[in-house]
Amino acid sequence: MQFHHHGYVSTDPRVFPAAGVGLDRPEELPDEIDVLIVGSGPAGIAAHAQLSHFPNVTTRIVERRDGRLVLGQADGIQARSVETFQAFGFAQEIIHEAYQIAETDFWTPDPENPAGIVRSSITHDDPSGISEFPHLIVNQARVIDYFAEYARRGPARGDVDYGWEFLGLEVGEGDYPVAVTLRRVSGFSGAGINTVEGADGGETRVVRAKYVVGADGARSSVRRAIGGSLAGSSSLHAWGVMDVLAVTDFPDYRKKCIIHSEAGSILHIPREGNHLARIYVDLGETDEHGFDRHGRKVRDTPLEEIIRQANEILHPYTLDVRDTPWHSVYEVAHRLTDRFDDAATSPDGKPRVFLLGDACHTHSAKAGQGMNVSMQDGWNLAWKLGYVLEGRSPESLLETYSDERWVTSKNLIDFDREWSTLMAKKPEEFETPGELEDFYVRTAEFPAGFMTQYEHPMLTASAEGAGAHQDLATGFPLGKRFKSVITTRVADGVPVHLGHHHRADGRYRIYAFADADATALGEWAEWMRANPASPVSRFTPAGADLDAFFDVKAVYQQQHHDVRIEDADRLFLPASGPFGLTDYEKIYAAAAGEIDLRRGDGHDIFAERGVSRDGAVVLVRPDHYVAGIFPLSAAGASELADFLGGVFVAA
């Protein structure tokens with residue numbers, strides 16, 4: 001963590017200095033807003049947190065509730081999300097309070113007594129090392145708390161405006177083309193401008209925005225306002241779900257379990273705090289009207305029936321439920337919106353209203369994807385909004401949001417349909433006894449959040465264009481997230497995961513992997529720092545720090561003691577802040593320990609990620625995804641500049 005570069009800090013260094021709109025943020029909603037976010041769930045609050053790092057952008061987030069979420073329905077946190085939390089600075093805190101899934105146990109009918117169940121196999125949660133971060137279980141409300149706190153600490157000092165209900169919007173013309181009607185439904189409202197008395201007595205307010213983000217859930221009013229809809233299918237299978245505090249003789253109560261018995265199925269997930277567990281209980285098939293085989297409305301199933309069914313499935317073990325903080329009954333549905341923005345209906349054909357999270361896609365809860373994918377929706381859109389509104393990028397950048405996230409959502413729904421179908425099977429319906437386990441292990445990378453691969457040519461190098469030199473760094477696939485590796489920071493000899501310094505500050509990262517003697521690295525760095533055609537020169541505003549838009553890091557092949565920091569180009573030792581202090585966190589050595597470079601022993605990022613010993617440059621987007629790979633040469637530097645010229649506009 002870096003601080004003191006704007007002067008001595010004796011308070012919490014996680015609180016960034018206020019800047020821009022954060023210097024005098026009004027308590028009341030202003031009449032004109034750059035970005036208005038509707039809904040403070042995981043998608044909306046993640047977008048809000050990222051936008052808090054764009055202090056010249058006025059962002060407000062409205063929420064119908066009168067205060068923070070107390071009990072969230074989602075709880076599964078995949079490793080990709082924990083990587084995201086690292087970027088927002090709270091990964092270690094949330095890991096400390098969460099339940100960590102280390103392995104999953106499979107239970108099936110006892111061959112000697114099929115009326116009971118036995119443990120049939122155990123799988124490690126991440127046997128292939130997909131991520132250095134764990135798979136977690138923690139209440140959705142706590143995830144929102146962390147993002148909200150990050151937004152409050154950001155330079156723009158973002159906070160949630162509670163007690164406002166979205167009523168509708170109209171898209172017109174002008175600098176603030178979206179007129180949004182809101183109604184005060186709770187809390188005190190001071191004297192406002194452009195207010196009328198609502199039909200129910202609540203204050204109705206019209207605000208104007210440049211962009212509106214609908215993160216208001218599966219029944220999204222914003223989606224309806226732009227004429228959107230969810231389309232898809234239901235599985236005609238019902239599940240009860242309950243958070244329980246229970247006493248049981250089931251031996252794997254504190255482990256994730258997938259249980260198939262002759263009486264049905266259970267997905268059992270321990271939760272944070274050592275005592276709580278979430279249990280998904282198979283309630284059987286339904287007809288198209290939601291009635292079970294006995295003619296009962298499944299959604300009306302009482303808690304007592306869910307507990308009784310859980311005990312039948314767990315036989316010969318018993319579950320004595322002492323308290324149930326929350327429970328519900330749902331039928332699995334897979335639906336995808338027909339639009340992620342309003343470009344098709346806006347007056348000028350440009351997107352002004354965007355949809356995130358459950359407003360775009362709904363699916364079963366058992367793959368643990370809803371909250372995770374929603375947060376990635378929010379991050380993907382937010383940095384792009386910040387770039388456009390601060391004048392870094394053309395408006396066409398916003399068109400990439402729909403293109404990128406629609407494909408991701410479609411892949412998610414296809415995966416979840418297959419997974420939820422397998423979960424609902426009876427034991428005798430499986431082709432092989434290990435079919436479910438095999439699928440679970442084979443597809444582990446998808447639910448962990450690492451199968452997303454972007455292909456939009458504006459943001460990801462295409463197969464034959466600039467930046468498509470995949471052979472120079474085979475372990476950093478184009479369009480996929482940058483997978484971190486341990487390196488050594490040369491200035492202090494501290495082992496550091498290279499990707500963990502990639503914070504959610506809105507900057508692109510440029511990783512320059514050195515050639516053997518660093519000659520090519522030095523020539524490349526000088527061109528990047530001093531040549532008027534370089535992206536650093538063309539796009540960084542006059543008077544800003546050298547690394548204001550691009551965080552450029554060098555990674556040497558040698559041991560850190562063999563790297564002479566005094567020989568490094570000033571590109572890797574930039575002046576920071578008003579005092580021009582040197583930033584020493586740009587220079588790394590590949591080895592975190594004693595290694596043999598020829599064999600690739602130890603933590604050698606060149607060997608582990610297939611980086612050419614002749615050097616390579618890896619460009620990474622603000623949201624962690626690899627945008628391009630370039631040669632470490634003059635021609636490669638020109639390619640990099642040309643590629644970024646499609647994203648940025650000249651300062």
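## A walk from a cis bond to a charge network

P316 sits in the loop between α6 and β17, and this is a good place to begin our tour. Helices here are DSSP runs of H or I with at least four residues, strands are runs of E with at least two, and both are numbered from the N terminus. The peptide bond leading from H315 into P316 is cis, with omega near 15 degrees. Before moving on, please keep in mind that this is a predicted model, in which local features need pLDDT of at least 70 and side-chain atom pairs count only at pLDDT 80 or more, while totals for chains, interfaces and linings use all residues. Residues are numbered from 1 along each chain as its sequence is written, and side-chain values use heavy atoms, with hydrogens and water left out.

Let us look next at helix α6 itself, which covers residues 303–314. Here R308 and E305 lie three residues apart, about one turn of the helix. Their side chains meet in a salt bridge, at 2.7 Å from N to O. The term salt bridge stands for a side-chain nitrogen of Lys or Arg within 4 Å of a carboxyl oxygen of Asp or Glu. In general, side chains of opposite charge can pair when their charged atoms come close. Is this pair of R308 and E305 buried or exposed? R308 is partly exposed, with a relative accessible area of 37%, and E305 is also partly exposed, at 23%. For these words, buried means under 20% relative accessible area, exposed means over 50%, and partly exposed lies in between, using a 1.4 Å probe and protein chains only.

Another salt bridge joins E395 and R352, whose closest N and O atoms are 3.3 Å apart. This pair links distant parts of the chain, 43 residues apart: E395 is in the loop between α7 (370–389) and α8, and R352 is in the loop between β17 (319–337) and β18 (353–355). E395 is partly exposed, with a relative accessible area of 30%, whereas R352 counts as buried because its relative accessibility is 13%.

How many salt bridges are there by this rule? The count comes to 55. Some of them form a network, which links D505, R507, R509, D547, D551, K553, D583 and K586. Within this group, R509 and D505 are bridged with their closest N and O atoms 2.8 Å apart. R509 counts as buried, at 0% relative accessibility, and D505 counts as buried too, at 19%.

Other charged side chains gather on the surface. E262, E285, E428 and E429 form a negative surface patch. Residues in such patches have over 30% relative accessible area and no salt bridge; like charges are joined within 9 Å, and nonpolar side chains (Val, Leu, Ile, Met, Phe, Trp, Tyr) within 5 Å. Lys and Arg count as positive and Asp and Glu as negative, while His and the chain ends are not counted. The place of a charge is taken as NZ of Lys, CZ of Arg, CG of Asp or CD of Glu. The areas come from the Shrake-Rupley method with a 1.4 Å probe, and for residues only the protein chains shown count as cover. One member of the patch, E428, lies in the loop between α8 (399–423) and α9 (435–442). E428 is exposed, with a relative accessible area of 59%.

Now for the cysteines. How many disulfides does a search of the whole structure find? The search finds zero, a disulfide being a pair of cysteine sulfur atoms within 2.5 Å. C257 is buried, with a relative accessible area of 0%, and C360 is buried with a relative accessible area of 0%.

The backbone has some further points to visit. A518 lies in the loop between β22 (508–513) and α10 (519–530), and its phi is near 65 degrees, a positive value in a residue other than glycine. H624, found in the loop between β27 (616–620) and β28 (626–630), has phi near 85 degrees, again a positive value in a residue other than glycine. H624 counts as buried because its relative accessibility is 6%.

Two distances can close the tour. D323, in strand β17, is partly exposed, with a relative accessible area of 39%. D323 and D569 are 246 residues apart in sequence and 63 Å apart in space, C-alpha to C-alpha. S265 is in strand β15 (residues 264–270) and is buried, with a relative accessible area of 1%. The C-alpha atoms of S265 and V647 are separated by 49 Å, with their positions 382 residues apart along the chain.
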